[in-house]
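This report walks through a protein–DNA model for a reader at the bench. Keep the sequence and the structure open side by side.

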Number of protein chains: 2
Amino acid sequence: MSRKYIENPNACTLVHTMNIIGNKWKPILIYLLSNGKLRFGKLLLFTPGISKKVLTTQLRELEDDGLIIREKFNETPPRVEYSLSEKGLALLPILRELSRWAENMYPEIAFEECRIASGIDLKVGKFNKE
Amino acid sequence: MSRKYIENPNACTLVHTMNIIGNKWKPILIYLLSNGKLRFGKLLLFTPGISKKVLTTQLRELEDDGLIIREKFNETPPRVEYSLSEKGLALLPILRELSRWAENMYPEIAFEECRIASGIDLKVGKFNKE
DNA sequence: AATAGTAGTAACCCCAAAGTAACCTATATG
DNA sequence: CATATAGGTTACTTTGGGGTTACTACTATT
């Protein structure tokens, strides 16, 4: 009986990739960090709808997978800064292509609104009060 | 008070993309179809671990999102062929990049084994018996 | 002594997605 | 008359990702 093999050499790596970034929050977090370092509180603020707990687990997983770097400063109150690692940075152009794909293929969707929805005040905490 | 806006114009389209392909099975199915048309039974066979029910829902969703085309022939027993649409084809190069990213960034993972694991006999049904 | 501020944990719950198994349709075949 | 075949559907159960709320540590400020 002749044996043929499926020609999907990339499927498994793809599955791995999806395990790493293919969920509700991680692509957003990676994109937020594409502009530079962000503290936990900012990430929480700029990711509407996410909870502290979930943000923590997502960041931990991204760190475990080597996509982001976590810097902890021994201060009080604590300060933790997150930034993209080399792996994370290498992913950015591909994510941009995926975005362009969606924009081109689904022109009927009002992505412009989403864009506006992510416009959140960068100044928080004490700066907010005045 | 000065207002700054987050520069993540692509995050939303990215979320949309992840809603479409960022789950357990869909990237695999897209890659299986990258070689051409496949019938339901073949897809079931070439996607180890998936159930009929889940395969059906995944295919329906891919069809609803316009990534694949479903052709039904009025025969008995029935025959249904699935293939990639233009949208799906346009996605392929990006998926390949994602795969390459994973291969380059995680050289320690034995993706070769996954490749072998997907080598399933293409001949099924009656052809199997001899 | 109470409060604010950051970055979390711990305990608990919920629901949609996924999994399982049986059943269905129409024909042809033994 | 029973069985096989392809491509499903239906009903039911399970799982785990995500969500909510409360709590913590440590210090400076009021």
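The text below covers chain A, then chain B, then the surface near the DNA.

The model is predicted, so local features need pLDDT of at least 70 and side-chain atom pairs count only at pLDDT 80 or more, while totals for chains, interfaces and linings use all residues. Residues are numbered from 1 along each chain as its sequence is written, chains are lettered from A and ligands numbered from 1 in the order in which they are written, and side-chain values use heavy atoms, with hydrogens and water left out.

**Chain A: layout**

Chain A holds six helices and three strands. Helices (H or I, at least four residues) and strands (E, at least two) are DSSP runs, numbered from the N terminus. Along the sequence the pattern reads α-α-β-α-α-β-β-α-α.

Chain A has 130 residues, and 41% of them count as buried. Buried means under 20% relative accessible area, exposed means over 50%, and partly exposed is in between (1.4 Å probe, protein chains only). Take the contacts (heavy atoms within 4.5 Å). Among those in chain A between residues at least 6 apart in sequence, 48% join residues at least 24 apart.

**Chain A: sheet and helices**

The three strands of chain A form an open sheet in the order β1-β3-β2, with antiparallel pairing. Its edge strands are β1 (38-39) and β2 (68-73), each pairing on one side only. Two strands pair if DSSP finds at least two bridges between them. Between β2(A) and β3 (residues 79-84) of chain A there are six bridges, and the two strands run antiparallel. In this sheet A:Arg70 stands opposite A:Tyr82, a residue of β3(A).

Two helices meet the sheet. α4(A) packs on it and touches β2 and β3 of chain A, its direction making about 115 degrees with that of β2(A). Helix α2 (residues 26-33) of chain A lies across β1, β2 and β3, at about 95 degrees to β3(A). Axes are lines fitted to C-alpha atoms, for helices over the stretch in contact, and angles run from 0 to 180 degrees between N-to-C directions.

How many residues of α2(A) are buried? Eight of the eight are, so the helix is largely enclosed by the rest of the structure. Among them are A:Pro27, A:Ile30 and A:Leu33.

The loop between β2 and β3 of chain A contains A:Pro77. A cis peptide bond joins A:Thr76 to A:Pro77, with omega about -5 degrees.

**Chain B**

Chain B also has a sheet to inspect. This open sheet of three strands has the order β1-β3-β2, with antiparallel pairing. β1 (38-39) and β2 of chain B stand at the edges with a single partner strand each, so one side of each is left without a neighbour in the sheet. Two bridges link β1(B) and β3(B) in the antiparallel sense. B:Arg39 has B:Glu81 in β3(B) as its bridge partner. α4(B) packs on this sheet, touching β2 and β3 of chain B, and its direction makes about 115 degrees with that of β2(B).

B:Pro77 lies in the loop between β2 (68-73) and β3 of chain B. Its bond to B:Thr76 is a cis peptide bond, with omega about -5 degrees.

B:Pro27 sits in helix α2 (residues 26-33) of chain B. Is B:Pro27 buried or exposed? Its relative accessibility is 1%, so B:Pro27 counts as buried. Leaving aside neighbours within four places in sequence, B:Pro27 is in contact with A:Leu14, A:Met18 and B:Ile21. The C-alpha atoms of B:Pro27 and B:Leu92 are 9.6 Å apart, although 65 residues separate the two along the chain.

**DNA strand D**

A residue is near a strand if one of its heavy atoms lies within 4 Å of it. DNA strand D is surrounded by 22 residues, and the closest are A:Lys53, B:Gly41, B:Arg70, B:Pro78 and B:Tyr82. Of the atoms of DNA strand D that come within 4 Å of the protein, sugar and phosphate account for 57%.

Three arginines of chain B make polar contacts (a pair of N or O atoms within 3.5 Å; within protein, one must be able to donate a hydrogen and the other to accept it, and residues adjacent in sequence count only if both atoms are side-chain atoms):

| Residue | Partner on DNA strand D | Distance from a polar side-chain atom |
|---|---|---|
| B:Arg39 | phosphate oxygen | 3.0 Å |
| B:Arg60 | phosphate oxygen | 3.1 Å |
| B:Arg70 | phosphate oxygen | 2.4 Å |

The elements that give two or more residues to this surface are α4 (52-64) of chain A and α3 (40-46), α4 (52-64) and β3 (79-84) of chain B. The largest share, four residues, comes from α4(B).
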